Amino acid sequence: MERFEMPVGLSMALAMNPEAMQKFAGLPETKKWEIVSGTHAVESREQMKKYVENIITAY
């Protein structure tokens, strides 16, 4: 699997949600890639916040 760059908005949203950050950090690379790829559809900070909150329950 190739390395990916973490989008700034995702990094910031994860930094503000320690529970989601911990969950994300424990995921396999394939799931991280899935999450990063999904950020391309996020259009606002509020959407990103909700997207990151969803990591806790979806994964």
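**Helix packing and the nonpolar core**

Proline 7 touches Val36 and Thr39, once residues up to four places away in sequence are set aside. This proline belongs to the segment before α1, and the model in which it is seen here is a predicted one. The C-alpha atoms of proline 7 and valine 36 are separated by 7.2 Å, although the two residues are 29 residues apart along the chain. With a relative accessibility of 23%, proline 7 counts as partly exposed, because the buried class is kept for values under 20%.

One partner of proline 7, threonine 39, is a good place to continue. Threonine 39 sits in the loop between α3 and α4. A relative accessible area of 8% places threonine 39 among the buried residues. Beyond its neighbours within four places in sequence, threonine 39 is in contact with Pro7, Leu10, Met48 and Tyr51.

Methionine 48, one of these partners, is part of helix α4. Its relative accessible area is 10%, so methionine 48 is buried too. Apart from neighbours within four places in sequence, the contacts of methionine 48 are Gly9, Leu10, Ala13, Thr39 and Val42. Between methionine 48 and alanine 20, which are 28 residues apart in sequence, the C-alpha to C-alpha distance is 12 Å.

The contacts of methionine 48 with Gly9, Leu10 and Ala13 lead to the packing of helix α1 (residues 8-15) against α4. The axes of these two helices come within 9 Å and cross at roughly 60°. That angle makes the pair oblique, because it falls short of the 65 to 115 degrees that count as roughly perpendicular. The crossing of α1 and α4 is right-handed. On the α1 side the contact involves Gly9, Leu10, Ala13 and Leu14, and on the α4 side Met48, Val52 and Ile55. Sorted by class, the residues of this contact are six nonpolar, one polar and no charged.

Helix α4 (residues 45-58) also packs with helix α2 (residues 18-25), at an angle of about 60° and with the axes 9 Å apart. The two helices are therefore oblique to each other. Here the crossing is left-handed. From α2, the residues Glu19, Ala20, Lys23 and Phe24 take part, while α4 supplies Val52, Ile55 and Ile56. This contact has five nonpolar, no polar and two charged residues. Val52 and Ile55 of α4 thus serve in the contact with α1 and in the contact with α2.

What lies in the loop between α1 and α2? Asparagine 17 is found there, and its relative accessibility of 16% is low enough for asparagine 17 to count as buried. Not counting residues up to four places away in sequence, asparagine 17 touches Val52, Glu53 and Ile56. Of these, Val52 and Ile56 are also among the α4 residues that meet α2.

Which residues form the largest nonpolar core? This core has 12 residues, namely Leu10, Ala13, Leu14, Ala20, Phe24, Leu27, Ile35, Val36, Val42, Met48, Val52 and Ile55. Helices α1, α2, α3 (29-38) and α4 are the elements that give two or more residues to the core. In soluble globular proteins, nonpolar side chains tend to be buried together. Several core members have already appeared above: Leu10, Ala13 and Leu14 in the contact of α1 with α4, Ala20 and Phe24 in that of α2 with α4, and Val36 as a contact of proline 7.

Helix α3 also carries residues with greater access to the surroundings than the buried class allows. Glutamate 34 lies in this helix, and a relative accessible area of 39% makes glutamate 34 partly exposed. Setting aside neighbours within four places in sequence, glutamate 34 is in contact with Tyr51 and Tyr59. Tyr51 is likewise a contact of threonine 39. Lysine 31 is found in α3 as well, and at 33% relative accessibility lysine 31 counts as partly exposed. Lysine 31 and tyrosine 59 are 28 residues apart in sequence, with 8.4 Å between their C-alpha atoms.

Note on methods. Residues numbered from 1 in each chain as written. Predicted model: local features only at pLDDT ≥ 70, side-chain atom pairs only at ≥ 80, totals over all residues. Heavy atoms only, no water. Axes fitted to C-alpha atoms, helices over the stretch in contact; angles between N-to-C directions. Helix = DSSP H or I, 4+ residues; strand = E, 2+ residues; numbered from the N terminus. Parallel < 35°, antiparallel > 145°, perpendicular 65-115°, else oblique. Left-handed = near helix turned anticlockwise from the far one by under 90°. Contact = heavy atoms within 4.5 Å. Nonpolar A, V, L, I, M, F, W, Y, C, P; charged D, E, K, R; others polar. Core = buried A, V, L, I, M, F, W, Y, C linked by side-chain atoms within 4.5 Å. Buried < 20%, exposed > 50% of the residue type's maximum accessible area, 1.4 Å probe, protein only.
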